[in-house]
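Subject: A structure for you to look at

Hi,

Here is the structure I promised to pass on. Have a look at it first, and then read my notes underneath.

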Amino acid sequence: MGLVKPRARPHPRTMSISREEILVLGLTAGVVGSLVGGLTLYAGLALVVAGSHAGWLLALPAAPLGGVLGYLLARKLAARL
């Protein structure tokens, strides 16, 4: 029990992200975002053309929904650091 605090442990080594992981993240985010956004846009516009105004609830958030999926994939990769 001294007055001096013991030395702090050195920081643990963090995992580095390789170029391969960044490439896979970009490809996965692009493919998943395009599929989900495109299918949502298609379904919404098909409903609008058929005369249902409720289709706009699917068509309008199609692009942001695809972007959110890419963001979630990026956070998953960043959590590994």
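Pro61 sits in the loop that joins α2 and α3. This is a predicted model, by the way, so keep that in mind as you read. With a relative accessible area of 37%, Pro61 comes out as partly exposed. Its neighbour in the sequence, Leu60, belongs to the loop between α2 and α3 too, but Leu60 counts as exposed because its relative accessibility is 61%.

Leu60 also takes part in something on the surface: together with Leu41, Leu45 and Trp56 it makes a nonpolar patch of about 380 Å².

Now back to Pro61. How far apart in space are Pro61 and Thr40, C-alpha to C-alpha? The answer is 8.2 Å, although 21 residues separate them in sequence. Thr40 is part of helix α1. Is Thr40 buried or exposed? It counts as buried, since its relative accessibility is 16% and the cut-off for buried is under 20%.

Thr40 has another pairing you can check on screen. Its C-alpha atom is 9.4 Å from that of Gly66, and the two residues are 26 apart along the chain. Val36 lies in α1 as well, a helix that covers residues 19–49. The C-alpha atoms of Val36 and Gly67 are separated by 9.8 Å, with their positions 31 residues apart along the chain. At 29% relative accessibility, Val36 counts as partly exposed.

Next, helix α3. Its 18 residues should span 26 Å at 1.5 Å a residue, and that agrees with the model, where the end C-alpha atoms are 26 Å apart. Which residues of α3 are buried? They are Ala62, Gly66, Gly70 and Leu77. Looking down the axis of α3, you'd find these buried residues within an arc of 85°, so they line one face of the helix. The general rule helps here: an α-helix has 3.6 residues a turn, so residues three or four places apart point the same way. The other side of α3 has exposed residues, namely Pro64, Tyr71, Leu72, Arg75 and Ala79.

Finally, the whole chain. The protein chain has three helices and zero strands, which gives the pattern α-α-α when you read along the sequence. What percentage of its 81 residues is buried? Just 12%.

As for confidence, the mean pLDDT of the protein chain is 81, and 79% of the residues reach 70 or more. Among the elements, helix α2 (residues 56–59) has the highest mean pLDDT, at 90, while helix α3 (residues 62–79) has the lowest, at 81.

If you want somewhere to start, try finding Pro61 and Thr40 on screen, the pair with C-alpha atoms 8.2 Å apart. Then turn α3 until you look down its axis and pick out the face lined by its buried residues.

Cheers

Terms used
Residues are numbered from 1 along each chain as its sequence is written. This is a predicted model: local features need pLDDT of at least 70, side-chain atom pairs count only at pLDDT 80 or more; totals for chains, interfaces and linings use all residues. Side-chain values use heavy atoms; hydrogens and water are left out. pLDDT is the predictor's confidence in each residue, from 0 to 100. Helices (H or I, at least four residues) and strands (E, at least two) are DSSP runs, numbered from the N terminus. Patches are made of residues with over 30% relative accessible area and no salt bridge: like charges are joined within 9 Å, nonpolar side chains (Val, Leu, Ile, Met, Phe, Trp, Tyr) within 5 Å. Accessible areas come from the Shrake-Rupley method with a 1.4 Å probe; for residues, only the protein chains shown count as cover. A salt bridge is a side-chain nitrogen of Lys or Arg within 4 Å of a carboxyl oxygen of Asp or Glu. Buried means under 20% relative accessible area, exposed over 50%, partly exposed in between (1.4 Å probe, protein chains only). The expected span of a helix is 1.5 Å times one less than its number of residues. The arc is that of the directions from the helix axis to the C-beta atoms.
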